[in-house]
Amino acid sequence: MRARQILPAALAVVALTLAAGCANGTGLRVEGAEPAAGPSPAPSASPSIKGFGETQTPDPRRTPPVTVSLAQVRLKLLADKKLETFFRDILKSCTLVERCMSRGPTLNVTKSAYPQLVVYIHTADLDFNYGAVLMAAEPTGPRRIWGLRAEQTKISASQSGKLVVESGVYAADDKVCCPSVTRIQVYRWTGRQMILESSQDQKGD
């Protein structure tokens with residue numbers, strides 16, 4: 001009779017001990033089982049493209065270079081009836097493309113699917129340029145969308161996507177290195193063409 005009373009009491013003590021172990025996180029572990037997964041992290045926002053947020057547009061100053069060749073650009077320019085005559089004369093007599101043209105930065109000032117390549121026009125001396133053209137890298141080949149004849153041009157894009165052109169204005173006795181005036185012009189794409197938005201001359205030292 002006494003044994004029948006002791007057995008249920010012992011089982012009750014074991015059950016209480018196991019329940020307490022589960023409550024404090026030290027319950028029995030079955031070897032080989034995967035641990036319980038923790039709370040799932042909150043889903044992140046849609047990944048942005050190359051570091052640009054969903055509402056941002058790519059920085060026109062960081063557009064990857066295009067693979068258009070200078071030989072292609074030269075042929076397209078010579079076929080362009082609206083090309084500056086001075087540029088045409090240089091390109092016609094150019095037997096080695098690399099001596100009369102050089103690559104500038106790749107931009108996207110038109111905010112289109114086709115980035116634009118800046119191409120500087122030179123004579124034989126590549127240290128001095130006589131202006132530049134902006135070529136859109138379209139599926140049918142490069143297409144000129146803008147050009148400017150100016151000496152010692154340097155072209156870039158502003159953060160807002162406008163075309164910034166720096167050029168030298170020389171006096172008769174200026175050395176090649178040091179024009180008397182630096183001209184800074186800003187062009188904006190209207191959807192059809194580049195228009196001059198501002199121009200400022202800064203005198204040299």
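In this predicted model, a disulfide joins Cys 94 to Cys 100, with an S to S distance of 1.9 Å. The link of Cys 94 and Cys 100 is left-handed, with -85 degrees about the S-S bond. Both ends are enclosed: Cys 94 is buried, and Cys 100 is buried as well.

The count of disulfides comes to two. The other entry joins Cys 177 to Cys 178, at an S to S distance of 2.4 Å. The torsion about the S-S bond of Cys 177 and Cys 178 is about -85 degrees, so this disulfide is left-handed. Cys 177 has a relative accessible area of 59% and is therefore exposed, whereas Cys 178, at 43% relative accessibility, counts as partly exposed. When bonded cysteines are counted along the protein chain, the disulfides follow the pattern 1-2, 3-4.

## Strands and their pairing

Several strands are joined by antiparallel pairing, as the table sets out.

| Strands | Sense | Bridges | Residues in the hairpin connection |
|---|---|---|---|
| S2 and S3 | antiparallel | six bridges | six residues |
| S3 and S4 | antiparallel | seven bridges | two residues |
| S7 and S8 | antiparallel | nine bridges | four residues |

Individual residues mark how these strands are aligned. Between S2 and S3, Val 119 stands opposite Val 133 in S3. Ala 136 has Arg 143 in S4 as its bridge partner. In the pairing of S7 with S8 (residues 194–203), Val 181 stands opposite Lys 203 in S8. The hairpin of S7 and S8 contains Gly 191, which takes a positive phi near 110 degrees.

Strand S3 takes part in pairing with S2 and with S4. S3 is also mostly covered, since eight of its ten residues are buried.

## Nonpolar cores

In soluble globular proteins, nonpolar side chains tend to be buried together. The largest nonpolar core here has 19 residues, and the members that touch the most other members are Val 73, Leu 77, Leu 91, Met 101, Val 119 and Ile 121. Helices and strands both contribute: helix H2 (70–78), helix H3 (85–92), strand S2 (116–122) and strand S3 (129–138) each give two or more residues to this core.

Met 101 illustrates how these elements meet. Leaving aside residues up to four places away in sequence, Met 101 touches Leu 70, Val 73, Arg 74, Leu 77, Leu 91, Val 119, Tyr 120, Ile 121 and His 122. A second core, separate from the largest one, has 17 residues, including Tyr 120, Ile 145, Ile 155 and Val 165.

## Aromatic residues

A pair of aromatic rings is described by the distance of the centres and the angle of the planes. The whole structure holds four aromatic pairs. One of them is formed by Trp 146 and Tyr 187, whose ring centres lie 5.2 Å apart with 65 degrees between the planes, an edge-to-face arrangement. This pair links distant parts of the chain, as Trp 146 belongs to strand S4 (residues 141–148) and Tyr 187 to strand S7 (residues 181–189), 41 residues apart.

Are the two partners buried or exposed? Trp 146 counts as buried because its relative accessibility is 7%, and a value under 20% is classed as buried. Tyr 187 is likewise buried, with a relative accessible area of 8%.

Elsewhere, ring pairs link Phe 86, Phe 128, Tyr 130 and Tyr 170 into a cluster. One member of this cluster also has a charged neighbour: Arg 149 lies over the face of Phe 86, at 3.8 Å from the ring centre.

## A buried glutamine in S7

Strand S7 also contains Gln 185. With a relative accessible area of 11%, Gln 185 is buried. Which residues does Gln 185 touch, not counting residues up to four places away in sequence? Its contacts are Leu 148, Leu 163, Val 164, Val 165, Leu 196, Ser 198 and Ser 199. Among these contacts, Val 165 is also a member of the second core. Strand S7 thus carries two buried residues described here, Gln 185 and Tyr 187.

Key:
Residues are numbered from 1 along each chain as its sequence is written. This is a predicted model: local features need pLDDT of at least 70, side-chain atom pairs count only at pLDDT 80 or more; totals for chains, interfaces and linings use all residues. Side-chain values use heavy atoms; hydrogens and water are left out. A disulfide is a pair of cysteine sulfur atoms within 2.5 Å. Buried means under 20% relative accessible area, exposed over 50%, partly exposed in between (1.4 Å probe, protein chains only). Rings of Phe, Tyr and Trp (its six-membered ring) pair if their centres lie within 6.5 Å; planes under 30 degrees apart count as stacked, over 60 as edge-to-face and the rest as tilted. A charge sits over a ring if NZ of Lys or CZ of Arg is within 6 Å of the ring centre and within 35 degrees of the ring normal. A nonpolar core is a set of buried Ala, Val, Leu, Ile, Met, Phe, Trp, Tyr and Cys residues joined through side-chain atoms within 4.5 Å. Contact means heavy atoms within 4.5 Å. Two strands pair if DSSP finds at least two bridges between them.
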